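Q: Please take a close look at one part of this model, the cavity and what lines it. Then carry the description on into the other parts of the fold.

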Amino acid sequence: MFGAHRVRLNSAYVKSLELAGLVPLVVPPLSNDDAARAVVSRVEGVLLTGGEDVDPPLYGQARSPQCGPSNPARDRTELALIRAAREARKPILAICRGPQVLNVALGGTLYQDIPSEVQGALDHDADGERSARVHRVDVEPDSLIAQAVGATRLQVNSLHHQSVRDLAPGLKVTALAPDGIIEGFESTTEGWWIMAVQWHPEEMNDSPEPWDRGLFRAFADRLAQG
Ligand code: MN
């Protein structure tokens, strides 16, 4: 397959959505923003998935040597998807890269590399099983995340070296790691449902704790409300 270019998605996301009763459609990087808008007009909600580091100039920073490779076509497409979702008030569930690109789309910034930029930070990019619970998260009572999982203190997996730095206007933090890294947020914009988490609930499909499926269930419930 020399020279073939491919679009890939971890199938755990598909399984999570199907387990929640939803029908996933995978959106590849597209060559124009109107196409992204057309996609959003035909779906009920948007799941922003994990992936490459967002290109730092998109949030006004020069690229750090510690920043990983970016995917400009994907950045462009996801920014267009988010803009279209905001206009149409389509719900967004955002995971890992999801909260990062969402925050950038709305005017926020990122840490390009937690270990080199945040003194005393925990290890958020643990080796080992993708489902391993490696740090605590404290969740704001009454937040969408707390309602979805039925708890305010969680033990989560962590597979990221970037995170939200300055949160964009229109968002509020609802989950924090003990080192102060933002692990979850939601929207303060009337009528626009957003649930964003820095950990990976899609890797917990087989866990014995039902709360691990709670975020996808809450997304499905919100979509069912229309
Ligand atoms: Mn983490």
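A: A cavity here is a set of grid points where a 1.4 Å probe fits but cannot get out, and a residue counts as lining such a space if it has an atom within 4 Å of one of the points. The model is a predicted one, and it holds one cavity of 30 Å³ or more. The space in this largest cavity comes to about 40 Å³, and its lining is made up of A126, D127, E129, R130, A132, V134, N157, S158 and L159. By residue class, four of these lining residues are nonpolar, two are polar and three are charged.

One residue of this lining leads on to the metal site, since S158 lines the largest cavity and, through its OG atom, is a donor of the manganese ion. The other protein donors of the manganese ion are H124 through ND1, H135 and H160 through NE2, and E183 through OE, and the donor distances run from 2.2 to 2.3 Å. Along the chain, the donors are spaced as H-x10-H-x22-S-x1-H-x22-E. Because H135 belongs to strand β4 (residues 135-139) and E183 to strand β8 (residues 182-187), this pair of donors ties together parts of the chain that are 48 residues apart in sequence. H135 is buried, at a relative accessible area of 3%, and E183 is likewise buried, at 1%.

Strand β8 also leads to an aromatic contact, for the structure holds one aromatic pair. The pair consists of W193 and F219, which are stacked, with 6.0 Å from centre to centre and 25° between the planes. W193 sits in the loop between β8 and β9 (194-197) and F219 in helix α7, so that residues 26 apart are linked and distant parts of the chain are joined. Both W193 and F219 are buried.

Helix α7 (214-224) leads in turn to the largest pocket, as this helix supplies at least two residues of the pocket's lining, and the same holds for α1 (11-19), β1 (46-48) and α3 (72-88). The largest pocket has a volume of about 1200 Å³ and is lined by 45 residues, among which L9, L47, L48, T49 and R74 lie nearest its centre. The largest share of this lining, four residues, is given by α3, and the lining as a whole divides into 23 nonpolar, twelve polar and ten charged residues.

From β1 the description passes to β2, for the two strands pair in the parallel sense over three bridges, with I92 of β2 as the bridge partner of V46. In a regular strand the side chains alternate between the two faces of the sheet. Both faces of strand β2 (residues 92-95) are covered, with I92 and A94 buried on one side and L93 and I95 buried on the other.

Two residues in the loops before and after β2 have positive phi values without being glycine. R89, in the loop between α3 and β2, has a phi near 55° and is partly exposed, with a relative accessible area of 37%. C96, in the loop between β2 and α4 (97-105), has a phi near 60°, but at 7% relative accessibility C96 counts as buried, because the limit for that class is under 20%.

How values were computed:
Residues are numbered from 1 along each chain as its sequence is written. This is a predicted model: local features need pLDDT of at least 70, side-chain atom pairs count only at pLDDT 80 or more; totals for chains, interfaces and linings use all residues. Side-chain values use heavy atoms; hydrogens and water are left out. Donors are N, O and S atoms within 2.8 Å of the metal (3.2 Å for Na, K and Ca); water is not among the atoms, so sites may look incomplete. Buried means under 20% relative accessible area, exposed over 50%, partly exposed in between (1.4 Å probe, protein chains only). On a 1 Å grid over the protein atoms alone, a cavity is a set of points where a 1.4 Å probe fits but cannot get out, and a pocket is an open set with protein on both sides within 12 Å along at least five of seven lines; lining residues have an atom within 4 Å of a point. Grid points are joined across faces, edges and corners, and a volume is the space filled by probe spheres set on the points. Ala, Val, Leu, Ile, Met, Phe, Trp, Tyr, Cys and Pro count as nonpolar, Asp, Glu, Lys and Arg as charged, and the others, Gly among them, as polar. Rings of Phe, Tyr and Trp (its six-membered ring) pair if their centres lie within 6.5 Å; planes under 30 degrees apart count as stacked, over 60 as edge-to-face and the rest as tilted. Two strands pair if DSSP finds at least two bridges between them.
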